[in-house]
Amino acid sequence: MHLPRQPQHAPPRSPIHGPALPIGLAVTAIGILIAIGTAPTNGASAEQTMPEPSVVEAVPGIELDAIAAADPCSEPAVQAAIASADDAATIAAFGGGESFREAVVAGNAPCIALNDPSHVWVVVNKARPLDPIDFTPQPLTAAPLQLTTGSGQARSDVAAAVGELAAGAAADGVGQIGANNGYRSYDLQVRTYASHVRAEGQDHADAASARAGHSEHQTGLALDLVACAPCGGIEAFGATPQGAWVAEHAWEYGFIVRYEDGSTPISGYMPEPWHVRYIGVELAEAYHAGGFHTLEEFFGLPAAPDYLQ
């Protein structure tokens, strides 16, 4: 006897259409959906703790609008003073002695030539001969001092200034100042240098006397001073009251002691407290105020202890 066939039921279907997912995969999918649903929107910011830098350094700024240095030589007042060959007016047009020096040292004064012997700012030394080599200054006049040699001339402005210097020393009660040497021509310097070579040898001569064309005496801007009443020699000048006064006060009259003690490695000459060099009141004031001891340092020039040839 056959029993009636019972209807067969298919297994229940998953509420998610399609084949049933394994349980683990389903849980993972649900977690991803929850995470997406709870992620912050663009308007909200998640709080995060950022590590603080261990060192904070300021980044140097970049100067975009650098100001070009002014060119004093383009100033009408400077051009007019140079055209009139007035050294004091030229220095004043630069803004004074220190401004003049700064412009020259910075290379910002193309109109000023330190090798031009017609100006008070000329620098002549063993590496910087005069140009022309046989230069003669004009005008020359006798220095108003008691003289011990026949070389008693100087440039007229220098002669007037050294007269004022001597008068200032006398007024301060330190005694009379005279001169041993002022201007020496190229030919006279040839003979002077040769006499040193014959007497002491060339090495000693080069430390005590300039070769012709390299001498400050040839510019008419330098003098060798002596203490008088009666007048002594130049070698004794530094130990006299007049010598001490000149070392302290020469700048007030436009002079510097050109070859100071300790300057030999720069100038190439032994100390000469008697040798004064006129550079004008404005530059001498800047020289003194700046504590300079050589013209080479004052104008930022190389030392010149030896001749180039």
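This report walks through the fold, the sheet, one buried asparagine and the aromatic pairs of a predicted model.

## Ground rules

Local features are given where pLDDT is at least 70, and side-chain atom pairs count only at pLDDT 80 or more, while totals for chains, interfaces and linings use all residues. Numbering runs from 1 along each chain as its sequence is written, and side-chain values rest on heavy atoms, with hydrogens and water left out.

## The overall picture

Let's start with the whole chain. The protein has 11 helices and six strands, taken as DSSP runs numbered from the N terminus (H or I, at least four residues, for helices; E, at least two, for strands). Of its 309 residues, 39% are buried, where buried means under 20% relative accessible area, exposed over 50%, and partly exposed in between (1.4 Å probe, protein chains only).

The accessible surface comes to about 17900 Å², and carbon and sulfur atoms hold 58% of that; areas come from the Shrake-Rupley method with a 1.4 Å probe, and for residues only the protein chains shown count as cover. Contacts (heavy atoms within 4.5 Å) reach along the chain as well: among those between residues at least 6 apart in sequence, 66% join residues at least 24 apart.

## The four-stranded sheet

Four strands form an open sheet in the order β3-β4-β6-β5, with antiparallel pairing; two strands pair if DSSP finds at least two bridges between them. β3 (177–181) and β5 (255–259) are the edge strands, each with a single partner, so one side of each has no neighbour in the sheet. From one strand to the next the twist averages 50 degrees, using axes that are lines fitted to C-alpha atoms (for helices over the stretch in contact) and angles from 0 to 180 degrees between N-to-C directions.

At one edge, β3 joins strand β4 (residues 222–227) through four antiparallel bridges, with I177 opposite A227 in β4. β3 is mostly covered, as five of its five residues are buried. At the other edge, β5 pairs with β6 (residues 272–278) over four bridges in the antiparallel sense, and V257 has V276 as its bridge partner in β6.

## A buried asparagine

Is N125 buried or exposed? With a relative accessible area of 3%, N125 is buried. N125 sits in the loop between α4 (97–105) and β1 (140–142).

What does the side chain of N125 reach? One atom it reaches is the backbone nitrogen of R128, at 2.8 Å. The side chains of N125 and E296 also share a polar contact of 2.9 Å, meaning a pair of N or O atoms within 3.5 Å; within protein, one must be able to donate a hydrogen and the other to accept it, and residues adjacent in sequence count only if both atoms are side-chain atoms. Neighbours within four places in sequence aside, N125 is in contact with H214, E296 and A304.

## Aromatic pairs

Rings of Phe, Tyr and Trp (its six-membered ring) pair if their centres lie within 6.5 Å; planes under 30 degrees apart are stacked, over 60 edge-to-face, and the rest tilted. This rule gives nine aromatic pairs. F100 and W121 form a tilted pair, because their ring centres are 5.1 Å apart and their planes stand at 40 degrees. F100 belongs to helix α4 and W121 to the loop between α4 and β1, so the pair ties together parts 21 residues apart in sequence. Both residues, F100 and W121, are buried.

Y287 and F292 make another tilted pair, with 6.2 Å from centre to centre and 45 degrees between the planes. Y287 and F292 are buried too. Ring pairs link Y287, F292, F298 and F299 into a cluster.
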